[in-house]
Amino acid sequence: MKDVQTHYRTCNLCEAMCGLEIEHTETDIISIKGDKKDVFSKGHICPKAVALKDLFHDQDRLKTPLKKTAKGWKEISWKEAFDEVAANIKKIQKKYGRNAVGLYRGNPNVHNLGLMLYGSAFSKSLGTQQKYSATSVDQLPHHIASLQMFGHQMMIPVPDIDRTNYMLIIGGNPAVSNGSMMTAPNFSGRLKALQKRGGKFVVIDPRHTETAKLADAHYFINPGKDALLLLAIIHVIFDQQWDNLNALVPHTKGLDIIKAIALDFSPEKVAHEIGISKNEIKTIAKEFAEARTAVCYGRLGVSTQEFGGTCQWLINVLNIITGNLDNEGGALFTLPAIDLVGMSAATGKTGSFNRRQSRVNKLPEFSGEFPVATLADEILTDGEGQIKAMITIAGNPVLSTPNGAQLEKAFEGLEFMVAIDIYLNETSKFAHIILPSTNGLETAHYDLIFHQLAVRNTTKYNEALFRRTHEQRHDWEILNALTEGLSGQKNPAAPEHMLDYLLQHTPYTTKNLSVETLKKHPHGIDLGPLQSCLPKRLFTEDKKINLAPEIFANDIQRLKEKRLTGEKRNLSFTLIGRRQLRNNNSWMHNAELLMTGRERCTLLIHPEDATKLNLQNHQNVAVISHINRVEIPIEISAEIMPGVVSIPHGFGHHRKGTKMSLAEKKAGVSINDLTDSNEIDTLTGNADFSRTVVTIQAT
Ligand SMILES: Nc1nc2c(c(=O)[nH]1)N[C@H]1C(S)=C(S)[C@@H](COP(=O)(O)OP(=O)(O)OC[C@H]3O[C@@H](n4cnc5c(=O)[nH]c(N)nc54)[C@H](O)[C@@H]3O)O[C@H]1N2
Ligand SMILES: Nc1nc2c(c(=O)[nH]1)N[C@H]1C(S)=C(S)[C@@H](COP(=O)(O)OP(=O)(O)OC[C@H]3O[C@@H](n4cnc5c(=O)[nH]c(N)nc54)[C@H](O)[C@@H]3O)O[C@H]1N2
Ligand code: SF4
Ligand SMILES: [Mo]
């Protein structure tokens, strides 16, 4: 028997930061369990963590650079790969200008210390304005609301779930997603504890989700109508004079403006559109206002919709006018050991919005990026500034961004593409060179971003479990080599040294935090519950919270116009997505442990709708949007509201030329072959995944 050791680390898969206890030998994983001593997660894990073993041992995982040739993929040396990438990028930028190279960064970037630390130097070495990321199919509205109201894009209020008396969850399904923009390992356990101490939580969702099943109340809502619901709740609160800003009174402005705006949105006026009765809306408003402490939390379902920006603004407004912002049991701000907000603000960098517009569709820039919904247009539309080469880093936009088929067409025509990715998948297959990095277990881990969003301040660092082989490279080594190839300069420091430097500037000056200290605490160090920090941590110029930023106040006109035009409905359905416990966006469908059991890529449809269309459970149907058509089996369930259907995102692995053998066998279809890249929240540029109209036909 080989030497068995135990390694403790944080799971890098989702935002929950669960501590893991991994038994292993020098080369193999024996078991993966929750780390009961983890100061934050206290032993909680989900099935995905156990699949880290499958990911690690996956035969399809790439380890050496690949080059596309006429005879197929060829393994090449790292030196050859780096040289060739740098030469091609330089050639294209010389010929067409710097903006001819596009960059897309996917979700795992924010879970990866190396990509976080070396990403911006690499991006600078490209010098392009054509930058994109998964932010604009996700949380972009949160950042813009924070930038406008609190003066910093990363000042994201975090629900104080462990102390609140009432939580209103809109468009989030944390029982499955484990929470997002809110790091709270064992989210469901925390919700149950809330109920146990006499509190209540309420869910607003077009589907009776796994979270709704635990809730004290659940209301179906017509997709995309959340801005109206929030305005109606705010209307009732002002109308009944339940508003009370408490300690924030001297630190806010714009109260009269938001009051005047809400005046037009009484429950009587808007309830029929929302699909929640006026009395129910009044009940929600009353419960929220009367609770000793309350917090509203809105996630992906309200961010990726036509008025996503407005929704996130109004959620903050609701928390503020009921005196719950910056208050125990309401929404609080974190103070992480590495205080990215404070550090960036000290150098004058608080974020940016709409400094420039995208070339083709004139969409607003955010933090140096354009909305990814317009990426294909920027590649396919001729003219100065057209993208001729692409770099993707840990992203699979073919499956994860709207109108994936259009993006495939765009990628196909590129002069050069490079993918930094661990798989040959639906996106990386278009690359001329693939640069595969090490796996999560082969790299050191520190959550720079998720400590920033956590419901408690903790800090934790883990070394790599397995040493990389000589043929492999870490993500940070790849970025560093490419940066050097492009700019002649590389970062002399290793990630651990950079981390140490950041820890030296910690606000926890008495804790003696350093990488060395953290190594001695493999279960993490607790830094205490979130605390009130305003007005000290307001970064607006006048040091006031802006309750009615101009861009949002003006957007109300668009909301009103939209209401007047209305929508025609004729045996058509609104298509929404759904997350499943054993998926992680598009990239974990090759893990055996997660792919057992019945078919998961199905179209959920309400029994009444199925009867109307004369459909039987599990039969195949064609789902048709004005963009495309897919075929998929149906699952009849009263869990979804009538008039709405749902397909999980991240499937569609039938495309030719990939190397993910298990995923290909359970291919499913991609919801983003149906979604339209022109359907966006025009204010923020975020993708709108709650407006896709489809018809359904038996096949
Ligand atoms: N219709 C619809 N579309 C959606 C959503 C939805 O709900 N509905 N959700 C959206 C959301 S919230 C998100 S975040 C996006 C995600 O969008 P993306 O980030 O574009 O997609 P992922 O599926 O996360 O792809 C991650 C890629 O990174 C690779 N990878 C994994 N780990 C590593 C690593 O350590 N290093 C490197 N170099 N590569 C790695 C994987 O192989 C995969 O190719 O999808 C969005 N798209
Ligand atoms: N198991 C698993 N966990 C994950 C992921 C995963 O793929 N799988 N992905 C991770 C990522 S990248 C993210 S961003 C988070 C997302 O975390 P969540 O936001 O919690 O994830 P979703 O399950 O997409 O929840 C969105 C909810 O919004 C609902 N919804 C859709 N349209 C509307 C609407 O118009 N109004 C309202 N009120 N609701 C609507 C949907 O029915 C769904 O229940 O999850 C993370 N965790
Ligand atoms: S909930 Fe997220 S962080 Fe926790 S074990 Fe599952 S995938 Fe990992
Ligand atoms: Mo996401």
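**Overall fold and ligand surroundings**

The protein chain contains 24 helices and 28 strands. Its radius of gyration is 24 Å, close to the 27 Å that the globule rule gives for 699 residues, so the chain is as compact as a globular protein of that length. The model is predicted. The C-alpha trace spans about 70 × 65 × 55 Å along its principal axes. Buried residues account for 63% of the 699 residues. Contacts in the chain often link distant parts of the sequence: among those between residues at least 6 apart, 74% join residues at least 24 apart. The exposed area of the protein chain is about 26700 Å², and carbon and sulfur atoms supply 49% of it.

Ligand 2 has 31 residues around it. Ser177, Asp205, Asp226, Asn583 and Asn585 come nearest. By class, this shell holds 10 nonpolar, 15 polar and six charged residues. Backbone atoms also approach the ligand. A polar backbone atom of Asn173 is 2.8 Å from an oxygen atom of ligand 2. For Val176, a polar backbone atom is 3.4 Å from a nitrogen atom of the ligand. A backbone N or O atom of Leu300 lies 3.1 Å from a ligand oxygen atom. On its own, ligand 2 has 920 Å² of accessible area, and the protein covers 97% of it. Two or more shell residues come from each of helix H6 (174-177) and helix H13 (300-303). H6 gives the most, with three residues.

Ligand 3 is surrounded by Cys11, Leu13, Cys14, Ala16, Met17, Cys18, Ile45, Cys46, Lys48, Ala49 and Asn178. Nine residues of this shell are nonpolar, one is polar and one is charged.

Methods:
Residues are numbered from 1 along each chain as its sequence is written. Chains are lettered from A and ligands numbered from 1 in the order in which they are written. This is a predicted model: local features need pLDDT of at least 70, side-chain atom pairs count only at pLDDT 80 or more; totals for chains, interfaces and linings use all residues. Side-chain values use heavy atoms; hydrogens and water are left out. A residue is near a molecule or strand if one of its heavy atoms lies within 4 Å of it. Ala, Val, Leu, Ile, Met, Phe, Trp, Tyr, Cys and Pro count as nonpolar, Asp, Glu, Lys and Arg as charged, and the others, Gly among them, as polar. Helices (H or I, at least four residues) and strands (E, at least two) are DSSP runs, numbered from the N terminus. The radius of gyration is taken over C-alpha atoms; the globule rule is 2.2 Å times the number of residues to the power 0.38. Buried means under 20% relative accessible area, exposed over 50%, partly exposed in between (1.4 Å probe, protein chains only). Contact means heavy atoms within 4.5 Å. Accessible areas come from the Shrake-Rupley method with a 1.4 Å probe; for residues, only the protein chains shown count as cover. A polar contact is a pair of N or O atoms within 3.5 Å; within protein, one must be able to donate a hydrogen and the other to accept it, and residues adjacent in sequence count only if both atoms are side-chain atoms.
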